Every structure is written in C-alpha cells, then in structure tokens.
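Subject: Structure handover and notes

Dear colleague,

I am passing on the structure we discussed, and I would be glad if you could read the notes below with it open beside you.

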Amino acid sequence: MAVLYDEHKQVFHLQTKNMSYAFCALRGFPAHLYWGRKIKEADPDRLLERQERASFSPNPVPEDRSISLDTLPQEYPGYGSSDFRNPAYAVQLANGTTVTELLLRGHRIVSGKSQLEGLPAVYAESGDGAETLIVELEDAASGLRVELSYTVFPAFDAIIRSARIVNGSDSVMSMQRALSASVDLPHDRFEMLQLSGAWGRERYIHRRALVPGTQSVESRRGASSHMQNPFFALLSEGSTEDTGEVYGFSLVYSGSFAGGVEVDQFHTARAYIGINPFDFSWRLEPGESFQTPEAVMVFSAEGLGGMSRAYHELYRTRLCRGAFRDAARPILVNNWEATYFNFNADKIEAIAKAGSELGIELLVLDDGWFGRRDSDNCSLGDWVVDKNKLPGGLKDLADRVRSQGLQFGLWFEPEMVSPDSDLYRAHPDWCLHVPGRRRSEGRRQLILDLSRPDVQDYITDAVGAILESAPITYVKWDMNRNMSEIGSALLPPERQRETAHRYMLGLYSVLERITSKFPHILFESCSGGGGRFDPGMLYYMPQTWTSDNSDAISRLKIQYGTSIVYPVSTMGAHVSAVPNHQVGRMTPLKTRGDVAMSGNFGYELDLTLFTEEEKDEVKRQVALVKEVRELVQYGLFYRLLSPFEGNETAWMFVAPDRSEALAVHVQTLNEPNQPLGRLRLKGLDPNGRYELLGTGRAVYGDELMNAGIPKQRPHSDFASAVYRFRRVE
Ligand code: DGJ
C-alpha cells in the first residue's frame, strides 16, 4: 500500500520504496508530521511536538495553548488567522478581506493518477502501483474549498502534489496566490541549492546555507527563464554528491514561478513552490475552480546524485511522452551556426550530402526559411516558405535532403509576431499589449497573445499546414523573448492579471493539439537555448536545446548543472565550429564530440568545410555515438567531478543492468608537472568484472569504484577522454 490511513488518529502516511511522508488532522487543521527516510508508523502523539510559545504566536483554540498556527507544521497554510509565515494560498472574498482558514472535511484514496486538465503532469501507467490521496479542505465561513492531491509511486521516492481551489460560495472570489505545495520541515540545518544563470550560461549551481527569513528563486518573465529554474533542493548538513538527505522541489510549469524557503523564529523551514503570486490573480465565479500546476518533491538519502537519478527516472519515463520517449534519438546537423540566415536550397542539400557521408541521420533547417526572413527583423508569424531561398518549397527541399539519406527537420518560433509581418498588419491586437502604451520589442518581435482562442487556432493551423506540406520528422520549437506589457485585448479589466497564466494554458493547449496530431514528429523545445528548460515543456517535447552556448568548455557547467534535475535524454548537445561563436574559444574536435555525446548528439556547423582529418574524427564520433546512445539515453547518470569545484569535469553512464558503462573526463586548463590522479567510478556492480575497452584488462567493479583508474593526462588545454567498460563476468 502506498497510501495508509489511520482513521482513529486521522493520519495519512504515504510510503514509497525508501521514503515516508505523513500528516494528520489536528482539530481539523492539516498538520504535517514527517518527511524523510521510510518509517513504519507515523504517530502524531510522538511526531507532533506541541508546546506553548509566547503570546506572539496566537492560539486558535483558546483553551489549548499548545496549538498555534504560527508554529504548527502545516500542509497548505493560509494567512490571516494567525500563521504569519508565507502562505500557500490567499483569496480575497466578496467582503474584501483575505481571512480564511482551511479545515479537513474528508478524503479519498484512488488508484493511479489522473491528469490535470489543461496542464502538463506526471502520469502513471498500469502496473505502476501509483496511488493518489485527495484531501478535502474547507473554510466553512466563506465556502472556499481546496482539494490537495498527493500521488506516490512505490518505485519513486517522490510525492507529486497539486491543489484545486474551488469557490463553493455564491459570490465572486479573487485568488491572489495559489501555490502547488508547501512543506514545513522541522529544522533549518540545510543548504539551499538553486540553478541560476543567464542566456548562454544557464543553470549554474549555487549553494548557500539557510538563514532566518525568506530565500527564494523566482521568474517574473512569463517563462521559467534562463535566469532561474523552477527548482531548488535542500541539502542536509554535510550532504555530498553521494551521501546525506536531500529534498528536491520541482515545478511542472513553464511560466513565472516562485519557490523558496522561509526560516522562522523557531528555525523551522517552510519550503514552497508554485505559480509566482507576483502580478497574478484569478477570478473565481461561484462554482468555478482553479487547478495549480504540479510540484514534484523528491527525497534522497543518497545525496544529490540520488535525488538527480530519481528525477531523471521519473521525468524520462513518466513525464516525457510519445514515440520518442523510448526511441534512440537521431544524430542531427543543424544549419544555424553554419549559415545563419544566409542559405539556399543548394547549400542545405550540400550540408545534407556531407552529413550523409559522415553517417548523420537528420538535417534540421533552422531560422530563415519563411516570409522575407533574411535577418531577425521581420516575418515571424508569416509561416509561408520564402521562394527566393527555397524556390521548390519545403517539400522539394525535404525530398532533396531525404534523397541524401537524411530525415528533414524544421525550426519554428510560433508564439511570436514581428511588427514587420503580414500577420501583425492584419491583427495588431493579437499580441500581448496594453492599449495606449509602448509595445516593447525584443529582437524586433512581440509575443502573440496565446490566451486568445483565435490566436491558438491560428498557430495550430499555420504550423499544422507546414507540417502536412512536407515529410518533416523533427521540429525545433523556439521562443526568443520574455513578456512585457502583459495585457490581453480580450480579457476584462478584472481578469487582466490572469493573462500570463492563461497564456501558458493556451500554449499547453496548442502543444497538445499539435504534438498529438503529429505523433511521428520528434519535437525539441528551445528558448534562445535553455530559457524554458522545465518539466512543463518536457511533457510535450521530450528534449530541449540546452543552451545557445555551444562551446564545449562552457557546456561542462551548463550540462552538469542541468543534470541536477533533468535527464540527459532531454538535453540537446551539438559539436560546433571553432573559434566558438559565443565565446571565441578554440577546443579540439575530439573534446567537442566527447562533451556533446553526453546529450542528444548533433553538429551545428558547416559540414562541407571539414578537412579529411576532421572527417575521419567525425566518422569515429558518429560511429561511437551510434554504439553508446542507448546507454547515454537510458543509463543511470553519475556525476564524478564538478566543473564548479575545479579544473576537471567527469561524469558517467551505467546501464540499468550494470552490464556496461561510459565515463567522460575533461581537463579544462593544462598545468605543468601535475599531481597524479585517479578517477573513481560509481554505480558499477562491485562483484562484476569490467573490461576497460581497448585494454583487454578486466577489473572488479569494487576496484574501479574504490581505487579508481589512472586518468589520461593529454598535454593540452581542453583535453578529454572517454572510457568504456563492458562487464565480462
Ligand atoms: C535561438 C535558438 O536558440 C538558436 O538555436 C537559433 O534557432 C536561433 N534562435 C534562430 O533564430
């Protein structure tokens, strides 16, 4: 049983393989009891410490001064009736006040997991043994009701939470805040880890000890963003990559979010995550409800690495969907850094021809094939092929590429409109804007108002028509600016602050329609690289272009940081030209290949310019990727050496049955007279013998993990080595 209920003590105890999560009703208040390593019993008499505190922590039951909402660990706290910490929700009632108080009214336990209407979500498959607990809370005085949903899969040490907020009254309510989850942890001896950065340097790891007050990550950009990721982790004191208790909080959402921790006066830590309450409100008519996105909370007693592998497995197999979830991803060449906007059909065919000789499987035609798009100044929205560049149209080009033996993929940026476009001239009110105000442009473009059904239909039809017009098997779905002047021409004043979330719902609806209509197409999400690398997008598109920064050395930090939450099967990684276009760095072709092969592998350069020597190296890379891509895609990922902590980076992949492994090691700068060093591996069977391919020597897994292997030390900067192991006994 994954969800246990003790009727007598009113305790809900959710159990997975190694984890317990428990709460109870204390005089109706949903009180959190425990989250951590698995325990057999969760008894409130022992787990809930009740003690009278100062009068500044008031008591809801005057005769029992041991209960205070200000100190009680809670499941979905409110504000206004004496808990002074960050609330999970806030609703303005018809009388203008925001005072509410939720008490437990009932619950139900159902097998499996239902999908969230209109939102991306983790799913269960039959045989998973998943169970969902739905707890019903009510504020009797106002008629506000909340249903908290908790799903557990026995195999994953994770709790998947969301809330549905219902207006059960006969007057309008205005929701000001509706987070997905809130958990009160009993102490603050944690470090908070977050993934933060900027365009071209996304998801760098930052860690800091918690201090009293609120520490948070958030986006106000209308996208999850390059700058912050909808994720944070709490690492118990002394945790490492392999040891210690770690709690992860990840939000299945692609818009503005907030997540954080508040340390209170008694050094407890309230962790929360959800839609950013900033500039958000939602009007609930009588009987209407609001569904929050889903929060995925992972517990690991095996350090940060254990937490990452839990997210990887859950997101790779129960969030990503479709035919490509379990299919080897094609090796591609993308023409963006090869040609930018300056190409024609002959040039693209020449790249495909060169790719065919090298064993490449897919050509992706990037930006510039439509409208009059010779620069990034115009034409977004006009999804009509540019006959000057491609006189025979897309079908003709796709056929020419396919005749070279490669599949054909295409770039779109469907959510945008250029002011210089026929679409904008016909529908100037179809973009996000506020009447009478400037429409701020980013890359000379505005954002279509996807909260509008007519705009949703336009995008679905325009993209769909192109996809039907040619044999296209891959789509790169780009998005290159963040929201400003957020307003919708169709919404009344009292609903304007719903626009950003309605945009996300509109986007998800469009993505659902398009991806389900074209199930044979592999969709890759992109937002100027990794500006929307989040679980929400992964539900529709199983991979993301990790970063516009394609430099192999920059990619060490970007891919290492991204791997904290996201499976390697979701990361696009390409070999690009040198000097690198983003940072000007010269790196060996081998290193560029070794780093890119730890992701969905491809090339992003002009293949026709390779020398014979380079072609030989590329053929070797392509052949190797074809041998190891399943291991990389489905294997367990172990981080060995962090680029954030030194001059070396290493990680490895181990097959689920531990029959083979692949380790990648990169030295950033060379140094004279370096100390000797060994690379200690992880995740192998200690009792299995593994042959290091190319040496003919077989060594026990325990030695490989505990004593390690000598590191190759090439005599240059930016040098890499790949080690492959096959179990022989
Ligand atoms: C941003 C993307 O991240 C790039 O890979 C490329 O597709 C450009 N947009 C095209 O405009």
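What follows goes through the ligand site, the cores, one helix and a few backbone details.

Please keep in mind throughout that this is a predicted model, and that the values below were computed from its atoms.

I begin with the ligand, which has 13 residues around it, and of these Asp366, Asp367, Lys476, Asp478 and Asp548 come nearest. Sorted by class, the shell consists of six charged, four nonpolar and three polar residues. Among the polar approaches, a polar side-chain atom of Asp366 is placed 2.6 Å from an oxygen atom of the ligand, while for Asp478 the partner is a nitrogen atom of the ligand, at 2.7 Å from a polar atom of the side chain. Trp545 also takes part, with a polar side-chain atom 3.5 Å from a ligand oxygen atom. As for enclosure, the ligand on its own has 290 Å² of accessible area, and the protein covers 98% of it.

Turning to the interior, the largest nonpolar core holds 186 residues, and the members that touch the most others are Trp35, Leu234 and Trp369. If one sets aside neighbours within four places in sequence, Leu234 is in contact with a group that includes Leu185, Phe190, Met192, Leu210, Val246, Phe249, Val261 and Ala271, and the charged residues Glu191 and Glu245 are also on its contact list. There is, in addition, a second and separate core of 19 residues, with Val699, Ala721, Tyr723 and Phe725 among them. As general background, nonpolar side chains in soluble globular proteins tend to be buried together.

Helix H10, which spans residues 552–562, is mostly covered, since 10 of its 11 residues are buried. The buried residues of H10 include Ala552, Ile553, Leu556 and Ile558, and also Ser554, Arg555, Gln559 and Thr562.

The loop between strand S29 (571–576) and helix H11 (589–596) may deserve a separate look, and Pro579 has its place there. The peptide bond that leads from Val578 to Pro579 is cis, with omega near -10 degrees. Asn580 is in the loop between S29 and H11 as well, and is it buried or exposed? With a relative accessible area of 4%, Asn580 falls under the 20% limit and is therefore buried. Not counting residues up to four places away in sequence, Asn580 touches Asn549, Ser550, Asp551 and Arg585, and with Ser550 there is a polar contact of 3.3 Å between the two side chains. A polar atom of the Asn580 side chain also lies 2.7 Å from the backbone nitrogen of Gln582. Along the chain Asn580 and Glu337 are 243 residues apart, yet their C-alpha atoms are separated by 9.7 Å.

Finally, two residues other than glycine have a positive phi that you may wish to inspect. Tyr340, with phi near 50 degrees, lies in the loop between helix H3 (336–339) and helix H4 (345–358), and its relative accessible area of 31% makes it partly exposed. Arg444, with phi of about 60 degrees, lies in the loop between helix H6 (422–426) and strand S25 (446–447), and this residue is likewise partly exposed, at a relative accessible area of 44%.

With best regards

How values were computed: Residues numbered from 1 in each chain as written. Predicted model: local features only at pLDDT ≥ 70, side-chain atom pairs only at ≥ 80, totals over all residues. Heavy atoms only, no water. Core = buried A, V, L, I, M, F, W, Y, C linked by side-chain atoms within 4.5 Å. Buried < 20%, exposed > 50% of the residue type's maximum accessible area, 1.4 Å probe, protein only. Contact = heavy atoms within 4.5 Å. Near = heavy atom within 4 Å. Polar contact = N/O pair within 3.5 Å; in protein donor to acceptor, adjacent residues only side chain to side chain. Areas by Shrake-Rupley, 256 points an atom, 1.4 Å probe, with all protein chains shown as cover. Helix = DSSP H or I, 4+ residues; strand = E, 2+ residues; numbered from the N terminus.
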